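Reader: I have a new model on my screen and would like to get my bearings. Could we walk through it together?

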Amino acid sequence: MTEITVTDIPVSEIDLSDTGFRITGLHHDIEHLSASISQYGIMVAPLVLCGSDKYSVVSGFRRIEAARYAGLSRITCRVMPAGEKSVAAMAAVIENAFSRELTPAELVRATALLFRFMDAESIAKNATAIFNRPLNTAYINTLARIHAMPDSVLDLMDEGKISIKACKSLVSMDAETMTEFLHLFSLIKVSSGIQMEIIAWAKEICALEKMSLSTLIQESPLGGKESDEHRDMSALGKQFKAFLAQRRFPAVTAAKNQAQEHIKALELDSGLQLAVPENFEGLVYAMQMEFKNMDEFKTRLNRLAQLSDHHDFKSLLDR
């Protein structure tokens, strides 16, 4: 077992530029942590590795950054002896994984870090003790392949803009298409499931229409837009998905739009909601009714009875 000592170290002797063991993303807001450290000190001592002239951080980058921001000249650290890099790599993952669940980006960085000292089989064998969760060899290799993608992928993962599942779909693509998809996901923010739909539909459209993804993006509501944190990226994501759906499934999209026009023409009360079969693949419609008292209940029933003679209601059902 590696012997760890606890000692006070001058902050100037800690090399924060050495990020070899860092699995967390960069933190730009450390003011609150810095204020806490100024008032109460560091609750859990950072873990560092002894070097030839300076210490390398293993775990606690943010705490050390905040301490330096607070003006502390010395901090208490747990120190690992020089030459214990493989043990330090495991410690860097363990310290984070057993304090909270690793984010997708951290999981990728942690796997790449361990790959410097272990193979996929060894990582899988010890995954529960290191990651606080089981990982199989195939998944570990997938994480390693994601890490080999352009650097921007980890930034997108840190921002919650792309999932491991979506990245898994991109790793086998050619470099140009992969880069175009990463650019696309830098402009929007949608759930993992919608990311997968966007990838599938965009690939199909490009294949059917013999066009590049960059051209498709230019023709979409995203055309000419650059990543901007002040834009509503969720709204842009919905607009882009709707654009792809119309382009990939024009008949279904037209039917949906027509159905919405019929429903709008019914002028239903706020307590009545009509749902059509999803993608018009089924035959069952659903009507939801809400009411607060008997009078509202009777009113809603009367309104439902009137629908049977409404032209738009008949047109909707007779599609």
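Author: Happy to; what follows is a short set of questions and answers on this predicted model.

Reader: Let's begin with the open sheet: in what order do its five strands lie?

Author: The pairing in this open sheet is mixed. Its edge strands, each pairing on one side only, are β1 (5–10) and β2 (14–15). Read across, the five strands come in the order β1-β5-β3-β4-β2.

Reader: Which residue of β4 stands opposite L47?

Author: Strand β3 covers residues 47–49 and strand β4 covers residues 55–59. The two run antiparallel and are joined by three bridges. Across from L47, the residue in β4 is S59.

Reader: At what angle to β4 does helix α3 run?

Author: Two helices are worth looking at here. Helix α2 (residues 61–69) packs on the sheet, where it touches β2, β3, β4 and β5, and its direction makes about 125 degrees with that of β4. Helix α3 (residues 85–97) lies across β3, β4 and β5. Its angle to β4 is about 40 degrees.

Reader: Now a single residue: is V79 buried or exposed?

Author: V79 lies in strand β5, which spans residues 74–80. Setting aside residues up to four places away in sequence, it touches E3, I4, T5, T7, I9, V48, C50 and Y55. Its relative accessibility is 8%, and because the cut-off for buried is under 20%, V79 counts as buried.

Reader: How far from V79 is A45, C-alpha to C-alpha?

Author: Along the chain, V79 and A45 are 34 residues apart. In space, their C-alpha atoms are separated by 9.6 Å.

Reader: Which residues have the most contacts inside the largest nonpolar core?

Author: That core has 65 residues. Apart from it lies another core, of 13 residues, with V48, Y55, I64 and I75 among them. I162 belongs to the largest core, and beyond its neighbours within four places in sequence I162 is in contact with V153, L156, M157, C167, L170, L182, F185 and Q195. The residues with the most contacts inside the largest core are F131, M157 and I162.

Reader: Last one: what is the bridge partner of A275 in β7?

Author: Strand β6 (residues 272–275) has L272 and L274 on its covered face, while Q273 and A275 are on the uncovered one. β6 pairs with strand β7 (residues 286–289) in the antiparallel sense, over four bridges. The partner of A275 in β7 is A286.

Technical notes. Residues are numbered from 1 along each chain as its sequence is written. This is a predicted model: local features need pLDDT of at least 70, side-chain atom pairs count only at pLDDT 80 or more; totals for chains, interfaces and linings use all residues. Side-chain values use heavy atoms; hydrogens and water are left out. Buried means under 20% relative accessible area, exposed over 50%, partly exposed in between (1.4 Å probe, protein chains only). Contact means heavy atoms within 4.5 Å. Two strands pair if DSSP finds at least two bridges between them. A nonpolar core is a set of buried Ala, Val, Leu, Ile, Met, Phe, Trp, Tyr and Cys residues joined through side-chain atoms within 4.5 Å. Axes are lines fitted to C-alpha atoms, for helices over the stretch in contact, and angles run from 0 to 180 degrees between N-to-C directions.
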